[in-house]
Amino acid sequence: MPSPTEMLSKPSYAVLTMAAFALVACGDKKPAADSTAAAPAAAPAAAPAAAPAPAAMGVSIVSPKEGDTTGPDVAIVLATEGPVKIEKANSTKAEGVGHYHLFVDTVATSEGTVIPPTTKHVIHIGTGDSTFTIKGLAPGQHEVIAVIGYGDHSAMAAKRDTVHFTVKK
């Protein structure tokens, strides 16, 4: 019986050999670029780095710390956060400029609302200072909320801080 190679005519064998060679040789190649075809889409460009978010402005209570035990005279130490400037109260409303207010054992005024006059529970630190001593607090648990108000005493839309502490007997 003739071998498979012998069964093929010489022209058929040659065609098959060339076709196999072409498949192997071209198998890993990309098709030639066609000038009429659309160019492949470029990889998306990396997005530019986002600008950092502006720092949130507000107030933080440095002292006393949450859960501290104090005497009846409590020094409240405050610090600003972000781009806010603390100045003396001047009856004007300038964006990012204000002064501190403390709410002692009472609910703080909401943003944009005028802060009531100084009382036993509402303290204006209109001098531009960052420290205020609350004198004669009764023994027990207390809460202080610090708020920044504009020069016109309206509560600024800014971060507030709250601290809870105990006055010893």
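Select strand 7, residues 131-134: three of its residues line the largest pocket, the largest share from any element. The model you have open is predicted.

**Stop 1: the pocket**

Stay at the largest pocket. Its volume is about 190 Å³. The lining has 13 residues; pick out Val104, Lys120, Ile134, Gly136 and Leu137, the closest to the pocket centre. Now colour the lining by residue class. Six residues are nonpolar, four are polar and three are charged.

**Stop 2: the whole chain**

Zoom out and show the cartoon. There are two helices and nine strands. Trace the chain from the N terminus: the order is α-α-β-β-β-β-β-β-β-β-β. Colour by burial next. Of the 169 residues in the protein, 27% are buried. Then turn on contacts. Among those with a separation of 6 or more, 67% link residues 24 or more positions apart.

**Stop 3: strand 5**

Select strand 5, residues 97-104. Seven of its eight residues are buried, so the strand is largely enclosed by the rest of the structure.

Go through its partners in turn:

- Strand 4, residues 85-86, runs parallel to strand 5, and two bridges join them. Find Lys85, which stands opposite Val97.
- Strand 6 pairs with strand 5 in the antiparallel sense, over four bridges. Select Leu102 and its bridge partner Ile123. Then select Phe103, which stands opposite Val122.
- Strand 8 is also antiparallel to strand 5, with six bridges between them. Keep Phe103 selected and add Ile145, its bridge partner in strand 8.

Phe103 therefore has a bridge partner on either strand: Val122 in strand 6 and Ile145 in strand 8.

**Stop 4: strand 6**

Move to strand 6, residues 122-125, and show side chains. In a regular strand the side chains alternate between the two faces of the sheet. Which residues sit on each side of strand 6? Val122 and His124 lie on one side, Ile123 and Ile125 on the other. These four are all buried, and both faces of the strand are covered.

**Stop 5: the nonpolar cores**

In soluble globular proteins, nonpolar side chains tend to be buried together. Here, the largest nonpolar core has 24 residues. Select Ile76, Leu78, Leu102, Ile134 and Val144, which touch the most other members. Now highlight strand 1 (58-63), strand 3 (74-81), strand 5, strand 6, strand 8 (140-149) and strand 9 (161-167). Each supplies at least two residues of this core. Another core lies apart from it. That one has seven residues, among them Ala108, Ile115, Val122 and Ile145.

Return to Ile76 and show its surroundings. Leaving out residues up to four places away in sequence, Ile76 touches Ile61, Ser63, Pro64, Leu102, Ser130, Thr131, Phe132, Ile134 and Val144.

**Stop 6: Val74**

Select Val74, in strand 3. Buried or exposed? Val74 counts as buried because its relative accessibility is 2%, below the 20% cut-off. Its contacts beyond four places in sequence are Pro64, Phe132, Thr133, Ile134, Leu137, Phe165 and Val167. Draw a distance from Val74 to Gly136, C-alpha to C-alpha. The two are 62 residues apart in sequence and 8.3 Å apart in space.

**Stop 7: Thr70**

Select Thr70, found in strand 2, residues 69-70. Thr70 has a relative accessible area of 13% and so is buried. Show what surrounds it. Past four places in sequence, Thr70 touches Pro64, Phe165, Thr166, Val167 and Lys168. Pro64, Phe165 and Val167 also appear among the contacts of Val74.

**Stop 8: Ser60**

Finish at Ser60, in strand 1. Ser60 counts as buried, at 16% relative accessibility. Which residues does Ser60 touch, not counting those up to four places away in sequence? They are Val77, Leu78, Ala79, Glu81, Lys159 and Asp161. Leu78 is one of the core residues that touch the most other members.

Note on methods: Residues are numbered from 1 along each chain as its sequence is written. This is a predicted model: local features need pLDDT of at least 70, side-chain atom pairs count only at pLDDT 80 or more; totals for chains, interfaces and linings use all residues. Side-chain values use heavy atoms; hydrogens and water are left out. Buried means under 20% relative accessible area, exposed over 50%, partly exposed in between (1.4 Å probe, protein chains only). Two strands pair if DSSP finds at least two bridges between them. A nonpolar core is a set of buried Ala, Val, Leu, Ile, Met, Phe, Trp, Tyr and Cys residues joined through side-chain atoms within 4.5 Å. Contact means heavy atoms within 4.5 Å. On a 1 Å grid over the protein atoms alone, a cavity is a set of points where a 1.4 Å probe fits but cannot get out, and a pocket is an open set with protein on both sides within 12 Å along at least five of seven lines; lining residues have an atom within 4 Å of a point. Grid points are joined across faces, edges and corners, and a volume is the space filled by probe spheres set on the points. Ala, Val, Leu, Ile, Met, Phe, Trp, Tyr, Cys and Pro count as nonpolar, Asp, Glu, Lys and Arg as charged, and the others, Gly among them, as polar.
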